[in-house]
Structures are given as C-alpha cells and as structure tokens.
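Student: Could you go through this one with me? I'd like to start with the charges and then jump around a bit.

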Amino acid sequence: LPKAALADMIREYDFDLAGITAFSTQQPAVKLISAAIKDYNGVPIIAGGPLPTYQPDLTIKTTACDACVIGEGEIAVVDLIRNFDDLPSVNGIAFRKDGEVVMTPPRVEQLSLDDIPFPDFSLFDMNRYLKQHNSFARKVNPGTYHSMSVITSRGCPYSCNFCSRSSPRFKHMSPGRVMELLTVLRNTFGVEEISFGDELFLAHKNRFRELAPDLKASGIRWGAQSRVNLVDQEFLEEIKEAGCIGLGYGIESGSQKILDNMNKQTTVSQIERAMIDTLSLKIPVKVQLIFGYPGEDDHTISETVELFRRIDHPGRRFNVIVPIPGSPLYDDCITQGLIPDEESYLAKIEISFGVPNVILNFTPWPDNGIYPRKMAAEKAMLNNYANKTPIRKIRNIAGKAYRTLRRSRN
C-alpha cells in the first residue's frame with residue numbers, strides 16, 4: 001500500500017499502542033505513519049528493526065515515535081510495554097525525554113530463535129503470501145502452486161563493507177525447528193516450495209547436513225542464498241539431492257581489487273569454480289552484482305564482463321552501489337562528509353531505490369556516465385553468452401526481433 005493509504009487505514013482500528021518495524025530506506029514512511037497515529041489517538045509508538053537499531057537518534061528526532069528498540073525486539077518490547085512509565089529501567093532502547101534522546105544500556109540476554117513461537121497465521125491473508133514464487137528459481141517450475149518465503153536465521157557471519165546486516169549477531173534455528181515450521185506450512189497451507197530469505201541460509205555445512213534428510217523427505221522444493229567460498233562439487237550434490245532448485249551467489253564483481261575493497265572474503269577463482277560446479281549440476285544461479293563501488297573503473301568492469309565470458313553465463317543486471325546505514329561504507333561516507341544530512345539522504349534512497357539516479361558517485365566517471373556504462377556491461381555479458389554458439393545466436397536474433405515487434409505494436 002502507498003504510505004498515505006496505510007496512514008488512512010489507521011483510523012479503522014482501536015488500539016492502545018503502535019509498533020512499526022522498518023528498514024532504513026523506510027524512514028519517510030515511519031515519519032508519515034507515526035505522525036498520523038499521533039494525530040488520530042496519540043497513543044505511544046515504538047519503532048523496531050534496522051532503522052532504529054542503526055539510527056536510534058535520528059529515528060527519535062525525525063519521527064513521532066516515542067521509543068526505539070535497538071536490536072532484537074521479542075523480549076525487549078514486552079519489557080518496554082510493561083515499563084512504559086519507567087523507560088530508563090528498560091535496557092536496549094532509546095526514547096525521547098524533554099526533547100532529548102536518551103539511550104539505555106544494551107540488553108544482554110541471548111535469545112534463541114527456537115524459543116520464539118511461530119506467527120499466528122490465521123491473522124494474515126495467507127493467499128497473498130502463497131502466490132509468491134521462489135525468487136531464486138522463477139522459471140524452473142512454471143504454473144500455479146503454493147510457495148512461501150521464510151527466514152530461519154538472523155544476521156550473517158561475514159562483514160562485507162557494503163552490507164547492513166539485519167542483526168549484528170548471527171544465529172539460526174535448529175534443523176528440527178526449521179522442519180517444524182516447514183511441516184506446519186505444508187500441512188496447513190499446502191506449501192510446495194520455499195524461498196529461504198535468510199541472509200546466508202547455507203552458512204554452516206553441518207547444520208545443513210543435519211537438515212538435509214528431512215528436507216529431502218518432505219518433498220519441498222527450495223532456493224536459498226549461499227556464498228562461492230562455501231560450496232564445492234560434493235556439497236552442491238548434497239544440496240541438489242535435498243530439493244534445491246536455485247541458489248543465490250553474491251558475486252558482486254569479477255575484479256579481485258573490488259572484492260578486496262568490499263572485504264568480500266572471496267576470490268575470482270572461487271567465483272569461477274563455484275559457478276561452473278553449480279551450473280554443471282543444472283542448479284539455476286541468481287547472481288548478485290554491484291556497480292560503481294569505490295575503486296571501480298573501466299578496467300574492473302571489463303574484468304567482470306570477462307569473468308562471465310569464461311564461465312559462459314549471461315550475468316545479470318548490476319545494482320548501482322547505494323550506501324545504507326549499518327554498513328561500514330555508510331559510516332565512511334558520514335566521516336568523509338559525503339552525507340551531510342542523513343534524513344535528506346534517506347529520503348533520496350526511498351525515492352530513487354532502483355531508479356536510474358546516482359545517489360553517491362565513487363567512480364572516475366561523471367554521474368551521467370554511470371548508467372550508460374552499467375547498461376553497456378550488462379549488454380556485453382548477455383551478448384557474450386547469447387552469441388557463443390550458432391543456436392544461441394539464432395535465438396538471440398529472434399528474441400531481439402520479437403521484442404522490437406512488440407514495441408512497435410505498443
């Protein structure tokens with residue numbers, strides 16, 4: 001729903017307290033919705049999620065939220081509600097007092113994901129969720145079937161400089177708990193396919209190997225995110241045997257210089273080996289690529305294009321780098337004065353996310369030179385793949401002719 005429509009819906013309900021979860025890119029929405037709540041009935045408002053976790057001061061100062069939960073919220077929010085008249089006694093929050101932002105000491109409890117009850121699915125219009133096809137393998141199983149996205153872990157054990165992790169600590173459900181959840185979804189809603197939305201589902205081989213037999217026996221097809229340094233031929237065979245129909249790899253770049261700048265902790269040779277092994281097993285790969293990271297130039301882009309030529313893959317669209325709160329890259333931008341006004345910057349991210357507009361330029365090219373180079377690199381990767389064999393070349397020509405004809409008719 002648009003922000004304004006969501007704000008209007010508030011008037012349909014009677015409630016004593018409001019909680020808003022948000023990513024940093026949703027700060028303008030939190031600002032509008034929290035103001036609408038205050039205008040409607042003036043109840044206390046709590047913010048949670050990455051936005052207040054990484055920017056509690058900004059959240060309190062720029063929105064009508066009364067308090068922020070910093071980090072995991074399941075225990076903290078209960079403590080906060082019970083002690084709303086004594087906020088200084090609640091650890092792990094920020095709140096407004098006499099126009100100032102007060103931060104309390106961090107929480108120390110260690111929350112186990114196995115201890116969190118499953119959602120009460122009866123409260124949701126589940127048909128809206130069940131229609132979402134697997135984001136890792138959209139073309140593998142065409143047709144109508146029940147698919148859902150689930151998250152079985154928090155955070156990521158790696159620390160790429162461009163990444164804002166959902167949780168500073170990495171933790172995951174036990175294999176038994178994962179299967180409990182999948183069994184509920186399969187038996188209650190007929191779910192046939194799962195898209196694991198974890199930042200890194202295949203972080204630990206032992207955890208997956210414990211889960212794999214039950215996952216295979218369930219008959220559920222699934223896709224998930226992995227890393228090129230965590231897979232080999234043997235492990236990939238186990239993954240496919242357990243029902244995998246798609247993997248995501250954060251390749252980001254084919255230049256070792258850029259990978260090192262990102263603190264990616266991968267090598268170009270690892271990328272090449274993982275891609276070749278995965279494709280040899282006919283496991284579709286969802287490639288993630290970044291364009292314009294600090295250090296990017298014509299040579300690093302040509303290295304990425306050449307990598308995909310070697311592994312015989314069409315590549316994918318690049319994402320132009322956008323620093324986000326919680327990432328080391330964002331902190332560097334603040335330190336260097338590249339983001340003088342954080343609220344204005346977050347508004348630009350919301351408005352321009354996925355739109356051809358350069359937010360910050362780290363390249364030697366002018367702003368208007370970034371997207372033409374990005375598109376040229378994408379075209380080069382696709383053409384390298386499409387024109388490698390006569391059959392592909394014919395298909396490529398036919399496809400272009402078809403698209404041209406459709407455009408002319410429209």
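Tutor: We can take the salt bridges, then the surface patches, the cysteines and a few loop residues, keeping in mind that this is a predicted model.

Student: OK, how many salt bridges does the structure hold?

Tutor: The count comes to 23 salt bridges. One of them is formed by the side chains of E74 and R154, with a distance of 2.4 Å from N to O. This pair links distant parts of the chain, since E74 belongs to helix α5 (residues 74–82) and R154 to strand β7 (residues 153–154), 80 residues apart.

Student: Is E74 buried or exposed?

Tutor: E74 falls in between and counts as partly exposed, because its relative accessibility is 31%, and the limits are under 20% for buried and over 50% for exposed.

Student: What about R310, which residue does it form a salt bridge with?

Tutor: The partner of R310 is E272, and the closest N and O atoms of the two are 3.4 Å apart. Here again distant parts of the chain are linked, with R310 in helix α12 (residues 298–310) and E272 in helix α11 (residues 268–280), 38 residues apart. R310 is partly exposed, with a relative accessible area of 36%, and E272 is also partly exposed, with a relative accessible area of 21%.

Student: And K374 with E378, where do those two lie?

Tutor: Both K374 and E378 lie in helix α15, four residues apart, which is about one turn of the helix. They form a salt bridge in which the closest N and O atoms are 2.5 Å apart, and both K374 and E378 are buried. Elsewhere, E72, E74, R154 and K171 are joined into one network by salt bridges that share partners.

Student: Switching to the surface, which residues form the positive patch?

Tutor: The positive surface patch is formed by K379, K400, R403 and R407. Helix α16 (residues 390–409) gives the most to this patch, with three residues, while K379 has its place in helix α15 (residues 367–386).

Student: Why does K379 count as exposed?

Tutor: K379 counts as exposed because its relative accessible area is 54%, and the cut-off for that class is over 50%.

Student: There's a nonpolar patch too, right? Which residues make it?

Tutor: L123, F124 and Y129 make a nonpolar surface patch of about 340 Å². Of these residues, F124 is found in the loop between β5 (100–103) and α6 (127–130), and F124 is partly exposed, with a relative accessible area of 42%.

Student: New topic, cysteines. How many disulfides does the count come to?

Tutor: The count comes to zero disulfides, with the rule asking for a pair of cysteine sulfur atoms within 2.5 Å.

Student: Why is there no bond at C65, then?

Tutor: The closest cysteine sulfur to that of C65 is in C68, and because the two are 6.1 Å apart, they are too far for a bond. C65 is buried, with a relative accessible area of 0%.

Student: What is the closest cysteine sulfur to that of C333?

Tutor: For C333 the closest cysteine sulfur is in C163, at 15 Å, which is likewise too far for a bond. C333 is buried, with a relative accessible area of 1%.

Student: Last bit, the backbone. What is the phi of N263?

Tutor: N263 has a positive phi of about 55 degrees, although it is not a glycine. As background, most residues other than glycine have a negative phi. The place of N263 is in the loop between α10 (256–261) and α11, and N263 counts as partly exposed, at 29% relative accessibility.

Student: And K282, what's its phi?

Tutor: The phi of K282 is near 60 degrees, again a positive value in a residue other than glycine. K282 lies in the loop between α11 and β12 (285–291), where it counts as exposed because its relative accessibility is 69%.

Student: Before we stop, where is N41 found?

Tutor: N41 is found in the loop between α2 (27–40) and β2 (45–48), and at 30% relative accessibility it counts as partly exposed. N41 and L17 are 24 residues apart along the chain, and their C-alpha atoms are separated by 9.7 Å.

Conventions: Residues numbered from 1 in each chain as written. Predicted model: local features only at pLDDT ≥ 70, side-chain atom pairs only at ≥ 80, totals over all residues. Heavy atoms only, no water. Patch = residues over 30% accessible without salt bridge, like charges linked within 9 Å, V, L, I, M, F, W, Y side chains within 5 Å. Areas by Shrake-Rupley, 256 points an atom, 1.4 Å probe, with all protein chains shown as cover. Salt bridge = Lys/Arg side-chain N within 4 Å of Asp/Glu carboxyl O. Lys, Arg positive; Asp, Glu negative; His and termini not counted. Charge placed at Lys NZ, Arg CZ, Asp CG, Glu CD. Buried < 20%, exposed > 50% of the residue type's maximum accessible area, 1.4 Å probe, protein only.
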